[in-house]
Amino acid sequence: MTFLITWASDQAVSFVIPIKDFAYTICFYTSDVSLDSVKNCLSSSHIQGAVVTYIVAILPLLLRMVQCYKQAKQQNGKFIGHLQMWNFCKYLSSVITATSSYLSTIFPEIFTVFVISSVVSTSYSYYWDLVILF
């Protein structure tokens, strides 16, 4: 993989919140600016809300997962056991957290799953970034 592709995907992951804000802005200004229409931009039950709150959030993570897999395969031809497999799992835990967060807005009874997933994902990312990389 080239440096540019790796750098761009890392930036996309880092900018998930601003990207979601930008998607909300587009949704807001393309709506008819009525209160009901603007509410759809953040409502999980509407397609605009799903795009803003979920799809935009996981696309950079999925791209990064593909890159981790590809990098492992390019370096030694195998994925299982490679250091990038664990990096892949870090992004996978973030995707699981984003998914459970989105689903908990539709199904409030799985909020506990989201909280547990969030704690595990944050701990994993913290460990990876501080211990593995240094």
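## Aromatic pairs

Start with the rings: Tyr69, Phe79 and Phe88 are linked into a cluster by ring pairs. Keep in mind that this is a predicted model. The count of aromatic pairs comes to four. One of them joins Tyr54 and Tyr102, which are stacked, with 4.9 Å from centre to centre and 20° between the planes. That pair bridges distant parts of the chain, since Tyr54 sits in helix H4 (residues 47-76) and Tyr102 in helix H5, 48 residues apart. Are these two tyrosines buried or exposed? Both Tyr54 and Tyr102 are buried.

Phe111 and Phe114 also pair up, this time tilted, at 5.8 Å centre to centre and 55° between the planes. Here the partners are local: they are three residues apart in helix H6, so about one helical turn separates them. Phe111 is partly exposed, because its relative accessible area is 47% and the partly exposed class runs between 20% and 50%.

## The overall fold

Zooming out, the protein chain has six helices and zero strands, and its pattern along the sequence reads α-α-α-α-α-α. Of its 134 residues, 34% count as buried. Take the contacts between residues at least 6 apart in sequence: 53% of them join residues at least 24 apart.

The accessible surface of the chain is about 8,400 Å². Carbon and sulfur atoms account for 71% of that surface.

## Two nonpolar cores

In soluble globular proteins, nonpolar side chains tend to be buried together. Which residues make up the largest nonpolar core here? There are nine: Leu61, Met65, Cys68, Ala72, Phe79, Met85, Phe88, Tyr91 and Val95. The elements giving two or more residues to this core are H4 and H5. Phe79 and Phe88 are core members that also belong to the ring cluster with Tyr69.

Tyr91 is a handy residue to click on. Setting aside neighbours within four places in sequence, Tyr91 contacts Asp10, Val13, Leu61, Arg64, Met65 and Cys68. Of these partners, Leu61, Met65 and Cys68 sit with Tyr91 in the nine-residue core.

Apart from the largest core there is another, with five residues, including Ala50, Tyr54, Ala98 and Tyr102. So the stacked tyrosines turn up again here: Tyr54 and Tyr102 pair by their rings and are both buried, under 20% relative accessible area.

## One salt bridge

Side chains of opposite charge can pair when their charged atoms come close. How many salt bridges does the structure hold? Just the one: the side chains of Lys90 and Asp129 meet at 3.3 Å, N to O. Lys90 belongs to helix H5 and Asp129 to helix H6, so the bridge ties together parts 39 residues apart in sequence.

The two partners sit in unlike surroundings. Lys90 has a relative accessible area of 8%, so it counts as buried. Asp129 has 32% and is therefore partly exposed.

## A nonpolar patch on the surface

Some nonpolar side chains do face outward. Leu83, Trp86, Tyr126, Tyr127, Leu130, Val131 and Ile132 make a nonpolar surface patch of about 720 Å². Helices H5 (83-106) and H6 (111-132) are the elements that give two or more residues to the patch. Which helix gives the largest share? H6 does, with five residues.

Trp86 is on the H5 side of things. Its relative accessibility is 44%, so Trp86 counts as partly exposed; that value is also over the 30% needed for a patch residue.

Technical notes. Residues numbered from 1 in each chain as written. Predicted model: local features only at pLDDT ≥ 70, side-chain atom pairs only at ≥ 80, totals over all residues. Heavy atoms only, no water. Patch = residues over 30% accessible without salt bridge, like charges linked within 9 Å, V, L, I, M, F, W, Y side chains within 5 Å. Areas by Shrake-Rupley, 256 points an atom, 1.4 Å probe, with all protein chains shown as cover. Salt bridge = Lys/Arg side-chain N within 4 Å of Asp/Glu carboxyl O. Helix = DSSP H or I, 4+ residues; strand = E, 2+ residues; numbered from the N terminus. Buried < 20%, exposed > 50% of the residue type's maximum accessible area, 1.4 Å probe, protein only. Phe/Tyr/Trp six-rings, centres within 6.5 Å; stacked < 30°, edge-to-face > 60°. Core = buried A, V, L, I, M, F, W, Y, C linked by side-chain atoms within 4.5 Å. Contact = heavy atoms within 4.5 Å.
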